[in-house]
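Reader: Could you walk me through this model, one question at a time? I would like to start with the sheets and then move on to the helices and the ligand.

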Amino acid sequence: MARVLVKDLTKRYGDVVAVDRLNLEVKDKEFVVLLGPSGCGKTTTLRSIAGLEDVTEGEIYIGDRLVNDLDPKQRNVAMVFQSYALYPHMTVFKNMSFPLENARIRKQEIARRVRETAELLQIENLLARKPSQLSGGQRQRVALGRALVREPTVFLMDEPLSNLDAKLRVHMRAELKKLQKDIGVTTIYVTHDQVEAMTMADRVALMDLGLLKQFATPQNVYSQPADVFVAGFVGSPPINMFDCDLADEGVLDAGEFRIPIPQPYRELVAKANTREFTLAIRPQDVVVQREPPAGDGGIETELYTTEPLGDVVILDLKVGDRLMKVVVSPNFDIEGTTRLWVRFPERKIHLFDRKTGWILH
Ligand SMILES: Nc1ncnc2c1ncn2[C@@H]1O[C@H](COP(=O)(O)OP(=O)(O)O)[C@@H](O)[C@H]1O
Ligand SMILES: [Mg+2]
């Protein structure tokens, strides 16, 4: 059983709070991705779990063991970094077996483990080569293999794909995900790339400025963002956001347009101790049409430009001085028109407290 439990972890470097009272429970065999912009504390969190940093406050458990005072070797974790230096003068076999030789494991056992791991990673036929004779993706596999032969209880990866070209990255994403499930090793993976996080993770932990903003499945993070940062970080094109104030008579006033408070939020807005909100809606959720909708709720916009992507088209629409993006099918007919009307389905609207950034709940 190798669950990882992080309790109230804080790491300060002088005045900089790199990680701020982080709580995280990673289940046995789970694939958790730490996602967030550069500098939000992902690497520091990972290094703290690995034992490469002394934590300022908090506790880290691996399995049922408190590991705060254990050094990295005793924790039995393996870590793969963005820049994985293979030993250039050693063969692939030697690169992979080297960490085991240091751990004084019997030769036969070493050979068995290297062979098995190489098979898993499909690099059996490369064992005799030197790193200079490998492609970028093959080198990355060897780096993974070198970590995996140690049969760690926890696998930590810090942006391991970011040095690969885009195509290979997409390929390795799927490979790594499959591999993780095949071996069933508890994994914590760091990236700033939302697509990588969403496609690979069982659960995503979103961090900003050292704080955990949301820890949930990719689907949940996308459809029920807990705060305005999460809403803006996940999803492509980015979610549309409008500042709006509570006007009288149950209406939200965004300046450029006014809409009735969405039904799911009526009570929450009434009992909120603010009148200032941020309304957000995904480009995929906006309904657009050529005619004004019957009744109220339609917002008139001007077609600013279109961005065809093949499978979908992004419409850039001007609402007053503001631009919003709407994703439509390539069949959507915009011939001969510059006026379009949009509507926000009530259940697709997200409403945040503008001061705290948290979703109304
Ligand atoms: N050794 C260090 N000394 C001082 N500040 C550091 C050190 N390592 C990281 N930091 C700071 O801590 C914060 C978090 O850094 P890091 O964990 O590397 O972020 P991420 O991996 O999400 O980009 C940043 O503000 C960074 O500048
Ligand atoms: Mg980092």
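Reader: Thanks! In what order do the strands of the open sheet of 6 strands run?

Author: Happy to help; a word on conventions comes before the order. This is a predicted model, in which local features need pLDDT of at least 70, side-chain atom pairs count only at pLDDT 80 or more, and totals for chains, interfaces and linings use all residues. Residues are numbered from 1 along each chain as its sequence is written, while chains are lettered from A and ligands numbered from 1 in the order in which they are written. The sheet has mixed pairing (two strands pair if DSSP finds at least two bridges between them; strands are DSSP runs of E with at least two residues, helices are runs of H or I with at least four, and both are numbered from the N terminus), and its order is β6-β7-β8-β3-β9-β10.

Reader: Which strands stand at the edges of that sheet, and why is one side of each left without a neighbour?

Author: An edge strand here has a single partner strand, so one side of it has no neighbour in the sheet. That is the situation of β6 (77-80) and β10 (211-216).

Reader: What is the average twist from one strand to the next there?

Author: The value is an angle between axes (lines fitted to C-alpha atoms, for helices over the stretch in contact, with angles from 0 to 180 degrees between N-to-C directions). From one strand of this sheet to the next, the twist averages 15°.

Reader: Which residue in β8 stands opposite F155?

Author: F155 belongs to a parallel pairing: β7 (residues 154-158) and β8 (residues 186-191) are joined over 5 bridges. Opposite F155 in β8 stands T187.

Reader: Which helix packs on this sheet, touching β6 and β7?

Author: Contact means that the C-beta atoms of two residues, placed from the backbone, lie within 7 Å. The helix that touches β6 and β7 has a direction that makes about 165° with that of β6, and it spans residues 136-148: it is α5.

Reader: Which residue takes a positive phi in the hairpin of β9 and β10?

Author: Strand β9 (residues 203-208) runs antiparallel to β10, with 5 bridges joining them. One bridge pair is L206 with Q214 in β10. The hairpin has 2 residues between the strands, and the residue with a positive phi, near 50°, is L209.

Reader: Are α3 and α5 parallel or antiparallel to each other?

Author: The two helices pack at an angle of about 30°, with their axes 8 Å apart. Angles under 35 degrees count as roughly parallel, over 145 as roughly antiparallel, 65 to 115 as roughly perpendicular and the rest as oblique. V92, N95, M96 and P99 in α3 meet V142, G145 and R146 in α5. By the angle, α3 and α5 are therefore roughly parallel.

Reader: Why do α3 and α4 count as oblique, and at what angle do they pack?

Author: F93, M96, S97, L100 and E101 of α3 make the contact with I110, R113, V114 and T117 of α4. The axes of α3 (residues 92-102) and α4 (residues 107-120) lie 10 Å apart. The two are therefore oblique to each other, with a packing angle of about 135°.

Reader: Which residue is the bridge partner of K11 in β2?

Author: Strand β1 (residues 4-13) pairs with β4 (residues 57-62) in the antiparallel sense through 5 bridges, and there V6 stands opposite I60. β1 also pairs with β2 (residues 16-26), again antiparallel, over 7 bridges. In β2, the partner of K11 is V19.

Reader: Which element gives the most residues to the shell around ligand 1?

Author: Residues count as near the ligand if the C-beta atom, placed from the backbone, lies within 6 Å, and the shell is formed by Y13, V16, A18, G36, S38, G39, C40, G41, K42, T43 and T44. Two elements, β2 and α1 (42-50), give two or more residues. With 3 residues, the one that gives the most is α1.

Reader: Which strands are the edges of the open sheet of 5 strands?

Author: That sheet has the order β15-β19-β16-β17-β18, with antiparallel pairing. Within it, 7 bridges join β17 (residues 313-319) to β18, among them the pair of D316 and K325. Neighbouring strands of this sheet are turned by 40° against each other on average, direction ignored. The strands that pair on one side only are β15 (287-289) and β18 (322-328).
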